[in-house]
Amino acid sequence: MTSPAPRPGILDISPYVGGRSTLSGMDRVIKLSSNEGALGPSPKAMAAYRAIAPEMHRYPDGHAGALRETLASLHGLHAEQIVCGAGSDELLQLLVRGYAGLGDEVVYSRYGFLVYPIAAMASGATPVVAEEADLTASVDNLLSVVTPRTRILFLANPNNPTGTYLPISEIKRLRDGLPEHVLLVLDAAYAEFVDRNDYSSGAELVDAYDNVVMTRTFSKIYAMGGLRLGWGYCPPAVAAVLNRVRGPFNVSSPALAAGQAAVEDKAYVELVRRHNSYWRDWFTEAVGRLGLTVVPSVGNFVLVRFPKEPGRNSAAADAFLRSKGIIVRPVASYGLDEYLRVTIGRDDEMQAVVQALMEFQGV
Ligand SMILES: *Cc1c(COP(=O)(O)O)cnc(C)c1O
């Protein structure tokens with residue numbers, strides 16, 4: 001008897017492990033492990049979600065027409081070049097499915113988002129890693145691993161879990177150094193949080209070139225991760241590919257309705273953005289005063305570095321925080337075992353983390 005076998009390579013994938021959300025024996029926890037958006041979704045998005053309940057027997061608009069028009073006018077883009085997905089994860093996977101298969105290579109950066117190698121391997125392609133410098137993607141290293149077999153280069157900008165970013169001048173240099181057959185995918189999941197004037201999500205590069213795609217998500221600043229909604233801005237030929245490989249109704253009607261209301265609620269997005277900037281700076285400073293190092297972040301999370309000694313290291317800190325009901329994200333699966341990633345949460349949550357870290361550090 002032989003049982004059905006998956007395609008070669010599938011069982012080599014290490015499944016993605018998300019941030020923990022519960023602690024045994026505790027019914028109230030502070031969850032700062034998945035970058036979910038400190039203040040929750042816009043009340044207008046929640047109202048739109050509730051309002052569509054009586055219509056859930058209807059199939060959604062398979063072209064996400066209204067949402068694409070709204071996104072296009074908000075960002076000054078061409079609606080027909082926007083493709084929506086069930087989270088940006090789906091779009092990343094569809095890009096690999098459309099452009100890379102057995103024998104092809106997919107390049108990403110050492111501490112890049114783990115979905116990239118998973119998506120590559122799920123399509124039979126080979127993930128290829130470029131080393132970073134100072135926990136920041138290196139354009140030279142990325143370009144140096146590109147070969148005639150490279151089909152896609154994934155770059156999260158800003159990156160998760162490091163929180164670092166490349167200025168748009170470096171992204172342009174990366175694009176200019178790539179052969180035309182390589183698709184550059186700029187994953188801008190955290191774009192809305194960045195307040196640096198040398199940063200751009202790269203939408204203008206999508207308009208200017210045939211080989212650049214930008215992806216965005218509703219899971220972070222819009223705090224709608226549970227609903228699964230993301231979008232990509234693509235050259236027309238790439239949009240045509242994604243619209244062929246995606247499911248005909250890949251985005252649900254509640255996601256479309258709530259997403260639309262969320263983008264229209266600009267005041268709320270601005271409130272969340274300011275909250276994040278304030279508490280990210282506050283947390284960075286407070287942790288620095290405890291004698292710990294922090295990787296400067298432009299996202300809604302911060303990597304905190306612990307010494308290597310047993311009892312003082314990141315594993316001990318994680319266990320201590322958990323004993324206080326605080327869940328952060330160990331990032332050993334990224335090869336960053338000296339660090340913990342802390343999502344920026346509400347005011348009281350950030351104060352509680354710093355208080356707990358003070359106790360852990362004995363200061
Ligand atoms: C959270 C995240 C995403 C978004 O995932 P969704 O599928 O849209 O929830 C994409 N890229 C990076 C780097 C992320 O951290």
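Q: Which strands make up the open sheet of 4, and in what order do they come?
A: In this predicted model, the open sheet of 4 strands has the order β9-β10-β13-β12, and its pairing is antiparallel.

Q: And which strands stand at the edges there?
A: The edges are taken by β9, which covers 293–295, and β12, which covers 329–330; each has a single partner strand, so one side of each is left without a neighbour in the sheet.

Q: Does anything pack on that sheet, and if so, what is it?
A: Helix α11, residues 314–323, packs on the sheet and touches β12 and β13, with its direction making about 35° with that of β13.

Q: OK, how many bridges are there between β10 and β13?
A: Strand β10, residues 301–305, pairs with strand β13, residues 339–343, over 5 bridges, and the two run in the antiparallel sense. Within this pairing, Val304 has Leu340 of β13 as its bridge partner, while Val302 is matched with Val342 of β13.

Q: What about the other side of β10, how is β9 joined to β10?
A: Strands β9 and β10 run antiparallel and are joined by 3 bridges, and a hairpin of 5 residues leads from β9 to β10. Here Val294 stands opposite Val304 in β10, and Val304 is also the residue whose bridge partner in β13 is Leu340.

Q: Is β10 largely enclosed or left open by the rest of the structure?
A: Strand β10 is largely enclosed by the rest of the structure, because 4 of its 5 residues are buried.

Q: Switching topic: what order do the strands of the 7-strand sheet follow?
A: That open sheet runs β2-β8-β7-β6-β5-β3-β4, and its pairing is mixed. Its edge strands are β2, at 82–85, and β4, each of which pairs on one side only. From one strand to the next, the twist averages 25°.

Q: Can you pick one pair in it, say β7 and β8: how many bridges do they have?
A: Strand β7, residues 212–217, and strand β8, residues 230–233, pair over 4 bridges in the antiparallel sense, and Met214 stands opposite Tyr233 in β8.

Q: Which strands does helix α2 lie across?
A: Helix α2, residues 65–75, lies across β2, β7 and β8, and it runs at about 125° to β2.

Q: Now helices: at what angle do α1 and α9 pack?
A: Helix α1, residues 43–51, and helix α9, residues 253–264, pack at an angle of about 150°, and their axes are 8 Å apart. Angles over 145 degrees count as roughly antiparallel, and α1 and α9 are therefore roughly antiparallel to each other. The crossing in which α1 passes α9 is right-handed.

Q: Which residues make that contact?
A: From α1 the contact uses Lys44, Ala45, Ala48 and Tyr49, and from α9 it uses Pro254, Ala257, Ala258, Ala261 and Ala262. Divided by type, the residues of the contact of α1 with α9 are 8 nonpolar, no polar and 1 charged.

Q: Last one, where does Ala133 lie?
A: Ala133 lies in the loop between β4, at 126–130, and α5, at 139–144.

Q: How far is Ala133 from Arg110, in sequence and in space?
A: They are 23 residues apart in sequence, and in space they are 9.5 Å apart, taken from C-alpha to C-alpha.

Q: And why is Ala133 called partly exposed?
A: Ala133 has a relative accessible area of 43%, and partly exposed is the class between buried, under 20%, and exposed, over 50%.

Terms used:
Residues are numbered from 1 along each chain as its sequence is written. This is a predicted model: local features need pLDDT of at least 70, side-chain atom pairs count only at pLDDT 80 or more; totals for chains, interfaces and linings use all residues. Side-chain values use heavy atoms; hydrogens and water are left out. Two strands pair if DSSP finds at least two bridges between them. Contact means heavy atoms within 4.5 Å. Axes are lines fitted to C-alpha atoms, for helices over the stretch in contact, and angles run from 0 to 180 degrees between N-to-C directions. Angles under 35 degrees count as roughly parallel, over 145 as roughly antiparallel, 65 to 115 as roughly perpendicular and the rest as oblique. A crossing is left-handed if the near helix is turned anticlockwise from the far one by less than a right angle, and right-handed if clockwise. Ala, Val, Leu, Ile, Met, Phe, Trp, Tyr, Cys and Pro count as nonpolar, Asp, Glu, Lys and Arg as charged, and the others, Gly among them, as polar. Buried means under 20% relative accessible area, exposed over 50%, partly exposed in between (1.4 Å probe, protein chains only).
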